[in-house]
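Me: Could you take a close look at one part of this model, the aromatic contacts and the helices around them, and walk me through the surroundings in one connected account?

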Amino acid sequence: MLNPKFYGNTQAASVQLASTRVPSAPVHIEGTRKRAAESSSKVITVCNQKGGVAKTTTCLNLGTSLAMMGKQVLLIDFDVQANLSSLLKSDHCDSFYDFIQSGESDLSSYIVKTGHDFWLLPANSRLSLLAKNHMREKHFEYMLKDQLAAIKNFFDYIIIDTPPSGDFYTLNALLASDIAAVPSQCEYLSMNGISHIRNMVDVIKAKANHKIDFHVLVTMFDRSNTASRVIFNKLNHDYYGSVFSTIIERDEIVQQSQILLTPTMAYDKNSRAGLQYFDLAKEIESLRCA
């Protein structure tokens with residue numbers, strides 16, 4: 001259980017637990033590091049090199065759904081655009097970059113309680129400096145994983161939002177994660193983004209001895225569109241066995257809830273998107289228990 005001081009605090013939680021465009025980072029991994037001890041917590045990176053595929057929407061509503069199921073959930077905004085933090089009214093808060101710069105040892109003091117029964121490690125514009133300042137350091141790709149080690153056992157799920165690229169941030173997130181969830185519209189260019197993430201996951205498995213599951217999530221699906229149905233079939237062919245059964249269909253309720261800075265699940269949990277994100281949470285929970 002989390003320390004009681006973690007509850008009910010809308011400011012930086014005090015717990016005793018434990019674009020400026022940045023240059024792209026190569027997929028460089030030290031293969032000699034030992035794996036950390038196994039944890040019951042599941043860390044999920046939501047990523048795709050293509051933008052506009054509902055990464056942030058998926059993080060927010062998957063996290064909300066798991067929290068509604070009684071799970072302890074931490075969302076990490078690791079995208080310098082800070083859209084997830086904006087939707088949770090926390091983009092003014094300190095970020096992972098500020099924690100690293102502080103020299104402090106307790107990441108939990110930078111985690112904030114949201115109004116939706118889960119926690120958030122926010123992003124802000126300064127997060128873009130993290131790659132610039134640290135990308136040439138040895139083991140830079142393990143920065144996030146190393147810091148999560150002290151707090152991850154206090155959460156059932158940690159879900160990481162990433163930028164639309166395969167750079168420093170996505171590599172750090174994937175190396176900290178058990179699952180790579182790749183949202184994709186049923187569009188040709190989105191499929192290219194999936195392929196890039198799949199390649200990163202394969203390199204991570206081969207060179208870092210890091211076990212990570214890869215799953216594609218179909219988002220904003222339009223059953224009435226012939227091209228969407230063709231791409232949907234191709235995704236299931238190309239990534240057979242690695243596509244979530246749950247499909248997130250296009251639903252204007254998502255845009256309405258974002259205008260009000262509210263998770264779709266909290267705005268209308270019985271909407272089509274709300275029900276489908278809850279189904280996704282149940283599917284992920286079944287993977288965790290398998």
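Reply: A residue counts as buried when its relative accessible area is under 20%. The model is a predicted one, and by that cut-off Leu84, with a relative accessible area of 0%, is buried. Leu84 belongs to helix H2, and, leaving aside residues up to four places away in sequence, Leu84 touches Thr56, Cys59, Leu60, Leu75, Ile76, Asp77, Leu120 and Asp161. Although Leu84 and Pro122 stand 38 residues apart in sequence, their C-alpha atoms are 7.9 Å apart in space.

From there the account turns to the aromatic residues. The structure holds 9 aromatic pairs. One of them is formed by Phe78 and Tyr169, in an edge-to-face arrangement with 5.5 Å from centre to centre and 75 degrees between the planes. This pair links distant parts of the chain, since Phe78 sits in the loop between strand E2 (73-77) and helix H2 (83-87), whereas Tyr169 sits in helix H6 (residues 168-175), 91 residues apart. Phe78 and Tyr169 are both buried. Another edge-to-face pair is made by Trp119 and Phe155, with 5.9 Å centre to centre and 70 degrees between the planes. Trp119 is in strand E4 (residues 119-121) and Phe155 is in the loop between helix H5 (143-148) and E5, so this pair ties together parts that are 36 residues apart in sequence. Trp119 has a relative accessibility of 0% and therefore counts as buried, and Phe155, at 2% relative accessibility, counts as buried too.

Phe78 and Tyr169 also belong to one aromatic cluster, which they form with Phe96, Phe99, Tyr110, Phe140 and Phe168. Phe168 and Tyr169 lead into helix H6, where they are buried along with Thr170, Leu171, Asn172, Ala173, Leu174 and Leu175. H6 is thus mostly covered, with 8 of its 8 residues buried, and what covers them includes strand E1, helix H4 (128-134), H5, strand E5, strand E6 (179-184) and helix H7 (188-208).

Strands E1 and E5 reappear around helix H11, whose buried residues pack against E1 (42-46), H1, E5 (157-161), strand E7 (213-218), H9 and helix H10 (264-267). The buried residues of H11 are Ala273, Gly274, Gln276, Tyr277, Leu280, Ala281, Glu283, Ile284 and Glu285. H11 has 18 residues and spans 26 Å from its first C-alpha to its last, close to the 26 Å expected at 1.5 Å a residue.

H11 also has a part in the second largest pocket, as helix H1 (55-68), helix H9 (252-259) and helix H11 (272-289) each supply at least two residues of its lining. That pocket contains about 360 Å³ of space. Its lining is made up of 22 residues, and Gly52, Val53, Ala54, Lys55 and Thr57 are the ones nearest the centre. Sorted by class, the lining has 8 nonpolar, 9 polar and 5 charged residues.

A contrast to these buried positions is offered by Lys211, which at 59% relative accessibility counts as exposed. Lys211 is placed in the loop between H7 and E7, and Lys211 and Val201, 10 residues apart in sequence, lie 9.2 Å apart in space, C-alpha to C-alpha.

Note on methods. Residues numbered from 1 in each chain as written. Predicted model: local features only at pLDDT ≥ 70, side-chain atom pairs only at ≥ 80, totals over all residues. Heavy atoms only, no water. 1 Å grid on protein atoms, 1.4 Å probe; cavity = no way out; pocket = protein on both sides within 12 Å on 5 of 7 lines; lining within 4 Å. Points joined across faces, edges and corners; volume = space filled by probe spheres on them. Helix = DSSP H or I, 4+ residues; strand = E, 2+ residues; numbered from the N terminus. Nonpolar A, V, L, I, M, F, W, Y, C, P; charged D, E, K, R; others polar. Expected span 1.5 Å × (residues − 1). Buried < 20%, exposed > 50% of the residue type's maximum accessible area, 1.4 Å probe, protein only. Contact = heavy atoms within 4.5 Å. Phe/Tyr/Trp six-rings, centres within 6.5 Å; stacked < 30°, edge-to-face > 60°.
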